[in-house]
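Work through the exercises below with the sequence and the coordinates open. Each task is followed by a solution in steps.

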Amino acid sequence: MPSSGFAEDNVSLQGKFIQGGIIIGKAPGGSKVFLNQEAIKLSQQGDFVFGFGRDAEGIVELSIQTPDGKTQTRNYEIKKRDYAIQRIEGVAQKYVSPPKEVADRISRDAQIVAKARMEDFDEPMYAKGFIWPAHGRISGVYGSQRVFNGVPKRPHFGVDVAAPVGTPVIAPAPGIVTLAEPDLYYSGGTIILDHGHGLSSTFLHMDSVTVKVGDYLAQGEKLGTLGATGRVTGPHLDWRMNWFKERVDPETLVGPMPN
């Protein structure tokens, strides 16, 4: 793993302190870890994880207290990123805002997703590392945003992988399924896979969902198939990640798409 900036050789951090970044760390078992003086969950083996939202900025303080009572503190500046902003005028209103008759369904969908993200498993399944859940052309990136008729829409919080309908989608890391819905209004077939300690993956626009809530999946096991369900313009997988309520960038964990 890359150097952590800590003097102790047995403290390591993987990841970048950037907007949307995810940091996977390891300290001696029995340590305590604090981010901006807030305690971070630590496994018995010393694994921990945290992340930063799209618009995070400033300096963060990371402190690690090892079992011998020594405390080390380091400050890290969150690097800003440039996001692609697309401005489109003359868009019909029905495409800018959903019709009122689906408002109740959208609200119900949001409640289901929020409940699934409340899970907080103790096992650090994320520590196994991550791979791409599907292969294809990158058609959308984290942080980008469209402005319709001068009205900014919500930023895109995932990475889009364009591929034919039916392309297998696999678990990028071990996890437990907390949501398996075949038809949500915006996202169509939707799966949430929890990797532990508040870090979860969400897979949107699935053509088929072949897992159920409570399933444990090893890295590489099939979740279902890529599709064009929900509100989309073509078949693709929208892979998103959360660290609790922070929307983080999956691509920072896996690097470039393999050829």
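The model is predicted.

**Exercise 1.** State how many bridges join strand β3 to β4, and in which direction the two strands run.

Solution.
- Strand β3 covers residues 32–35, and three bridges join this strand to β4.
- The two strands run antiparallel.
- One of the pairs can be named: Leu-35 has Glu-38 of β4 as its bridge partner.

**Exercise 2.** Place β4 in its sheet and find which strands are the edge strands.

Solution.
- The sheet is open and made of four strands, with the order β4-β3-β6-β7 and antiparallel pairing.
- β4 (38–40) and β7 (71–77) each pair on one side only, and these are the edge strands.
- On average, neighbouring strands of this sheet are turned by 25° against each other, direction ignored.

**Exercise 3.** Check the length of helix α2 against the span expected at 1.5 Å a residue.

Solution.
- Helix α2 runs over residues 103–116, which is 14 residues.
- At 1.5 Å a residue the helix should span 20 Å.
- The end C-alpha atoms of α2 are 20 Å apart, so the two values agree.

**Exercise 4.** Which residues of α2 are buried, and what do they pack against?

Solution.
- Buried means under 20% relative accessible area, and exposed over 50%.
- Ile-106, Asp-109, Val-113 and Ala-116 are the buried residues of α2.
- Their arc around the axis is only 90°, so they lie on the same side of α2.
- An α-helix has 3.6 residues a turn, so residues three or four places apart point the same way.
- Asp-104, Gln-111 and Lys-115 are exposed on the other side of α2.
- The packing partners of the buried residues of α2 are β14 (175–184) and β15 (188–194).

Definitions and conventions. Residues numbered from 1 in each chain as written. Predicted model: local features only at pLDDT ≥ 70, side-chain atom pairs only at ≥ 80, totals over all residues. Heavy atoms only, no water. Pairing = 2+ DSSP bridges. Axes fitted to C-alpha atoms, helices over the stretch in contact; angles between N-to-C directions. Expected span 1.5 Å × (residues − 1). Buried < 20%, exposed > 50% of the residue type's maximum accessible area, 1.4 Å probe, protein only. Arc of directions from axis to C-beta. Contact = heavy atoms within 4.5 Å.
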